[in-house]
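Here is a short briefing to read alongside your structure. We will start with one polar contact and work outwards from there.

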Amino acid sequence: SMTVKIGLQAGNQMKYHSHELRDEIWTILSGTGKAVVDGLEQIVGPSDVVRIPAGSKHILMADTDMSVIEVQVGNEISQSDKMVFDALEFHKNL
(Lines give C-alpha, C1' and ligand atoms only; values in the text may rest on other atoms or scores of the structure.)
Protein backbone atom coordinates (compact mmCIF):
# COMPACT_ATOMS: atom_id res chain seq x y z
CA SER A 1 0.00 0.00 0.00
CA MET A 2 0.95 3.63 -0.35
CA THR A 3 -0.56 6.73 1.28
CA VAL A 4 -0.43 10.18 -0.33
CA LYS A 5 -1.85 13.58 0.55
CA ILE A 6 -3.62 15.37 -2.29
CA GLY A 7 -4.43 19.06 -2.48
CA LEU A 8 -6.92 20.40 -5.01
CA GLN A 9 -7.61 24.10 -5.39
CA ALA A 10 -11.18 25.34 -5.77
CA GLY A 11 -12.45 24.83 -9.31
CA ASN A 12 -9.82 22.19 -10.19
CA GLN A 13 -10.20 18.46 -10.67
CA MET A 14 -8.24 15.27 -11.12
CA LYS A 15 -8.07 13.63 -14.52
CA TYR A 16 -10.82 11.10 -15.24
CA HIS A 17 -8.93 7.82 -14.78
CA SER A 18 -8.81 4.23 -13.52
CA HIS A 19 -6.32 1.71 -12.17
CA GLU A 20 -6.49 -2.02 -12.91
CA LEU A 21 -4.11 -3.23 -10.20
CA ARG A 22 -5.15 -1.26 -7.12
CA ASP A 23 -8.05 -0.05 -5.04
CA GLU A 24 -8.08 3.48 -3.63
CA ILE A 25 -9.65 4.96 -0.53
CA TRP A 26 -10.06 8.73 -0.31
CA THR A 27 -10.64 10.42 3.04
CA ILE A 28 -11.64 14.06 2.74
CA LEU A 29 -9.77 16.12 5.34
CA SER A 30 -11.06 19.57 4.37
CA GLY A 31 -13.04 21.31 1.68
CA THR A 32 -16.02 20.26 -0.40
CA GLY A 33 -16.51 18.88 -3.87
CA LYS A 34 -17.83 16.00 -5.91
CA ALA A 35 -16.51 12.47 -6.30
CA VAL A 36 -17.64 10.40 -9.27
CA VAL A 37 -16.98 6.65 -9.32
CA ASP A 38 -18.26 4.68 -12.33
CA GLY A 39 -20.77 7.42 -13.12
CA LEU A 40 -22.18 7.68 -9.59
CA GLU A 41 -21.75 11.23 -8.28
CA GLN A 42 -21.65 12.12 -4.59
CA ILE A 43 -21.08 15.39 -2.77
CA VAL A 44 -18.12 15.06 -0.39
CA GLY A 45 -16.80 17.05 2.53
CA PRO A 46 -14.70 16.68 5.69
CA SER A 47 -14.58 13.12 7.13
CA ASP A 48 -16.28 11.55 4.09
CA VAL A 49 -14.69 8.37 2.75
CA VAL A 50 -14.87 7.25 -0.89
CA ARG A 51 -13.91 3.69 -1.85
CA ILE A 52 -12.75 3.07 -5.42
CA PRO A 53 -12.40 -0.57 -6.50
CA ALA A 54 -9.75 -1.52 -9.06
CA GLY A 55 -11.01 -0.96 -12.60
CA SER A 56 -13.44 1.82 -11.64
CA LYS A 57 -13.29 5.10 -13.55
CA HIS A 58 -13.11 7.98 -11.09
CA ILE A 59 -12.56 11.70 -10.63
CA LEU A 60 -12.57 14.22 -7.78
CA MET A 61 -13.69 17.82 -8.42
CA ALA A 62 -13.09 20.60 -5.88
CA ASP A 63 -15.76 23.23 -5.18
CA THR A 64 -13.51 24.73 -2.48
CA ASP A 65 -9.83 24.10 -1.68
CA MET A 66 -9.63 20.42 -0.70
CA SER A 67 -7.17 18.27 1.21
CA VAL A 68 -7.51 14.50 0.76
CA ILE A 69 -5.66 11.43 2.03
CA GLU A 70 -5.50 8.71 -0.61
CA VAL A 71 -4.61 5.16 0.38
CA GLN A 72 -3.64 2.94 -2.55
CA VAL A 73 -3.95 -0.80 -1.91
CA GLY A 74 -2.82 -3.54 -4.29
CA ASN A 75 -0.14 -6.04 -5.21
CA GLU A 76 1.49 -3.50 -7.52
CA ILE A 77 1.50 0.26 -6.93
CA SER A 78 2.75 1.93 -10.10
CA GLN A 79 2.10 5.15 -12.01
CA SER A 80 2.06 3.05 -15.20
CA ASP A 81 -1.20 1.47 -13.94
CA LYS A 82 -3.05 4.78 -14.46
CA MET A 83 -5.35 4.89 -17.50
CA VAL A 84 -6.54 8.43 -18.33
CA PHE A 85 -9.80 8.96 -20.23
CA ASP A 86 -11.04 11.85 -22.33
CA ALA A 87 -13.10 14.48 -20.49
CA LEU A 88 -15.82 14.09 -23.14
CA GLU A 89 -16.23 10.45 -22.13
CA PHE A 90 -16.57 11.54 -18.51
CA HIS A 91 -19.38 13.96 -19.32
CA LYS A 92 -21.19 11.35 -21.46
CA ASN A 93 -21.27 8.98 -18.47
CA LEU A 94 -22.97 11.46 -16.13
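In this predicted model, a good place to begin is the side chain of E24, which makes a polar contact with the side chain of H19 at 2.9 Å. A polar contact also joins the E24 side chain to that of H58, at 3.1 Å. The points below look at E24 and its surroundings, then at the salt bridges, and finally at a patch on the surface.

**E24 and its surroundings**

- E24 sits in strand β3, which covers residues 22–30.
- With a relative accessible area of 2%, E24 is buried, because buried means under 20%.
- If you set aside the neighbours within four places in sequence, E24 is in contact with H17, H19, V50, R51, I52, H58, E70, V71 and Q72.
- Two histidines in that list, H19 and H58, are the side-chain polar partners introduced above.

**Salt bridges**

- How many salt bridges does a search of the whole structure find? The search finds 2.
- One of them pairs R22 with E24, and their closest N and O atoms are 3.2 Å apart.
- R22 is buried, with a relative accessible area of 5%, and its partner E24 is buried too, at 2%.
- Another salt bridge pairs D63 with K34, where the closest N and O atoms are 3.7 Å apart.
- This D63–K34 pair links distant parts of the chain, the two residues being 29 residues apart.
- D63 is in the loop between β7 (58–62) and β8 (66–74), while K34 belongs to strand β4 (residues 33–37).
- Are D63 and K34 buried or partly exposed? D63 counts as partly exposed at 42% relative accessibility, and K34 also counts as partly exposed, at 25%.
- Those labels apply because partly exposed covers the range between under 20% (buried) and over 50% (exposed).

**A nonpolar patch on the surface**

- Which residues form a nonpolar patch on the surface? They are I25, V49 and V73, and together they have about 190 Å² of accessible area.
- V49, one of these patch residues, is found in strand β6, which spans residues 49–52.
- V49 is partly exposed, with a relative accessible area of 34%, so it passes the cut-off of over 30% used for patch residues.

Notes
Residues are numbered from 1 along each chain as its sequence is written. This is a predicted model: local features need pLDDT of at least 70, side-chain atom pairs count only at pLDDT 80 or more; totals for chains, interfaces and linings use all residues. Side-chain values use heavy atoms; hydrogens and water are left out. Patches are made of residues with over 30% relative accessible area and no salt bridge: like charges are joined within 9 Å, nonpolar side chains (Val, Leu, Ile, Met, Phe, Trp, Tyr) within 5 Å. Accessible areas come from the Shrake-Rupley method with a 1.4 Å probe; for residues, only the protein chains shown count as cover. A salt bridge is a side-chain nitrogen of Lys or Arg within 4 Å of a carboxyl oxygen of Asp or Glu. Helices (H or I, at least four residues) and strands (E, at least two) are DSSP runs, numbered from the N terminus. Buried means under 20% relative accessible area, exposed over 50%, partly exposed in between (1.4 Å probe, protein chains only). A polar contact is a pair of N or O atoms within 3.5 Å; within protein, one must be able to donate a hydrogen and the other to accept it, and residues adjacent in sequence count only if both atoms are side-chain atoms. Contact means heavy atoms within 4.5 Å.
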